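Work through the exercises below with the model open. Each one sets a task and then solves it in steps.

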Amino acid sequence: MSYALVSLIAVASSFGAVNYALANDTVLALERQELSSGCAQIEFLDGYITQVDANGDSLPDYLINTQRLMCDGSQMMWCGTAGCVHRIWVQKPDGGFDKSLDTYAYEVVFDRPGDTSYKIVTREGERREWLAGAAAPASASSAAATLSGRWSYSADPLPVAAVGGPEDGKLSLTCESGELRLRYAGWWLFEGDAINTGTRQWDKSASGIVPTFTVGAHETDVPVRISEEERMLVAKDTLPLTAPLIDALARGSYVTLVHGGSLEHELQFALAGSSAALRSLRAACN
């Protein structure tokens, strides 16, 4: 399959019609895979895919806006109160693509030519972010450059590796008796200053809250419970230091927490700096 830009002229298929003059066939194929679980008929509208340079390597990358999608006759299938799903596919030197962003937003736009930063508009307002690994301009403040999240390690009071995420999201691993316990929080966990009533009911359901931690092709289910004192979701069981999930977190670019197929409850955290932070955590926890 060619990884160059190709002309697609109203190619009809069982998924719908593609009406682009120019689009990348590989990314559109990846998008069909992403959408196939929820859409029987797919039609990409103008503005669904935009070529960008998301990491400064001059290879064509692609920004996806699912608001510009017809899914089984609906244009809002992948949208909710938090906006519509936006994705960024970053091209690798071998021509393949990595999904480097997958989040709800009202708008994501690369509005500064020659700058790898992008403007993202969410329910919390407008801010500027960079993908993990993308160089921030030298003039950017350190606070702005780390908006997309970078892992850190702390030894006191307990060894912990942690990262912040969009909309005040948090993810951490803490050493407990030679093993690691996951904790995290996202915007939907709270209603004002209190734990959301719906989340409480979810926690008490027969299945409970069981996020799937997804890093590339690696997936691990981690049953969690609400910790009222910590105002976080806490793993019911600890993970051994050698757990495959810990290895995946140390190697990957992003981790996505999937909650039972609910896109609105998905959380994503960058893994920039995770390798060093987790190496220090493992060494201290041995």
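**Exercise 1. Decide whether Asp 168 is buried or exposed.**

Solution. This is a predicted model. Start with the place of the residue. Asp 168 sits in the loop that joins strand E16 (160-164) to strand E17 (170-176). Next, take its relative accessibility, which is 66%. Exposed means over 50%. Asp 168 is therefore exposed. Finally, pick a partner farther along the chain. Ala 185 is 17 residues away in sequence, and the two C-alpha atoms are separated by 8.1 Å.

**Exercise 2. Classify Thr 212 in the same way, then list what it touches.**

Solution. Locate the residue in strand E21. Its relative accessibility is 17%. The limit for buried is under 20%, so Thr 212 counts as buried. Now look for contacts, leaving aside neighbours within four places in sequence. Thr 212 is in contact with Glu 219, Thr 220 and Asp 221, and also with Thr 256, Leu 257 and Val 258. For a distance across the chain, take Val 255. It is 43 residues from Thr 212 in sequence, yet 9.8 Å away, C-alpha to C-alpha.

**Exercise 3. Describe the surroundings of Pro 223.**

Solution. Find Pro 223 in the loop between strand E22 (218-221) and strand E23 (224-227). It has a relative accessible area of 33%, so it is partly exposed. Residues up to four places away in sequence are not counted in the next step. Pro 223 then touches Ile 209 and Val 210, together with Val 234, Ala 235 and Lys 236. Last, check Asp 237. The C-alpha atoms of Pro 223 and Asp 237 are separated by 7.7 Å, with their positions 14 residues apart along the chain.

**Exercise 4. Give the phi values of Asp 72 and Arg 231, and place both residues.**

Solution. Take Asp 72 first. Its phi is positive, about 50°, although it is not a glycine. Asp 72 lies in the loop between strand E8 (69-71) and strand E9 (79-80). Its relative accessible area is 42%, which makes it partly exposed.

Then take Arg 231. This residue is not a glycine either, and its phi is positive at about 60°. Arg 231 is in the loop between E23 and strand E24 (232-235). At 34% relative accessibility, Arg 231 is partly exposed.

**Exercise 5. Work out how helices H4 and H5 pack, and which residues make the contact.**

Solution. Two packed helices are described by an angle and a distance, both taken between their axes. For H4 (residues 244-251) and H5 (residues 274-285), the angle is about 140° and the axes are 7 Å apart. Roughly antiparallel would need an angle over 145 degrees. H4 is therefore oblique to H5. On the H4 side, the contact uses Ile 246, Asp 247, Leu 249 and Ala 250. On the H5 side, it uses Ser 274, Ser 275, Leu 278 and Arg 282. Sorted by class, the contact has four nonpolar, two polar and two charged residues.

**Exercise 6. Describe the largest pocket and its lining.**

Solution. Begin with the volume, about 760 Å³. The lining has 27 residues, and those closest to the centre are Glu 34, Lys 99, Asp 102, Thr 214 and Gly 216. Now map the lining to elements. Those giving two or more residues are helix H1 (25-35), strand E10 (83-91), E11, strand E21 (212-215), strand E26 (254-259) and E27. By class, count eight nonpolar, 12 polar and seven charged residues.

**Exercise 7. Count the cavities of 30 Å³ or more, then describe the largest.**

Solution. The search of the whole structure gives two. The largest cavity has a volume of about 250 Å³. It is lined by 18 residues, with Thr 103, Tyr 104, Glu 266, Leu 267 and Gln 268 closest to its centre. Strands E11 (97-105), E13 (118-122) and E27 (262-270) each give two or more residues to this lining. E27 gives the largest share, six residues. By class, the lining has nine nonpolar, four polar and five charged residues.

**Exercise 8. Summarise the protein chain.**

Solution. Count the elements: five helices and 27 strands. Then take burial: 46% of the 286 residues are buried. Last, consider contacts with a separation of 6 or more. Residues 24 or more positions apart account for 48% of them.

Technical notes:
Residues are numbered from 1 along each chain as its sequence is written. This is a predicted model: local features need pLDDT of at least 70, side-chain atom pairs count only at pLDDT 80 or more; totals for chains, interfaces and linings use all residues. Side-chain values use heavy atoms; hydrogens and water are left out. On a 1 Å grid over the protein atoms alone, a cavity is a set of points where a 1.4 Å probe fits but cannot get out, and a pocket is an open set with protein on both sides within 12 Å along at least five of seven lines; lining residues have an atom within 4 Å of a point. Grid points are joined across faces, edges and corners, and a volume is the space filled by probe spheres set on the points. Helices (H or I, at least four residues) and strands (E, at least two) are DSSP runs, numbered from the N terminus. Ala, Val, Leu, Ile, Met, Phe, Trp, Tyr, Cys and Pro count as nonpolar, Asp, Glu, Lys and Arg as charged, and the others, Gly among them, as polar. Axes are lines fitted to C-alpha atoms, for helices over the stretch in contact, and angles run from 0 to 180 degrees between N-to-C directions. Angles under 35 degrees count as roughly parallel, over 145 as roughly antiparallel, 65 to 115 as roughly perpendicular and the rest as oblique. Contact means heavy atoms within 4.5 Å. Buried means under 20% relative accessible area, exposed over 50%, partly exposed in between (1.4 Å probe, protein chains only).
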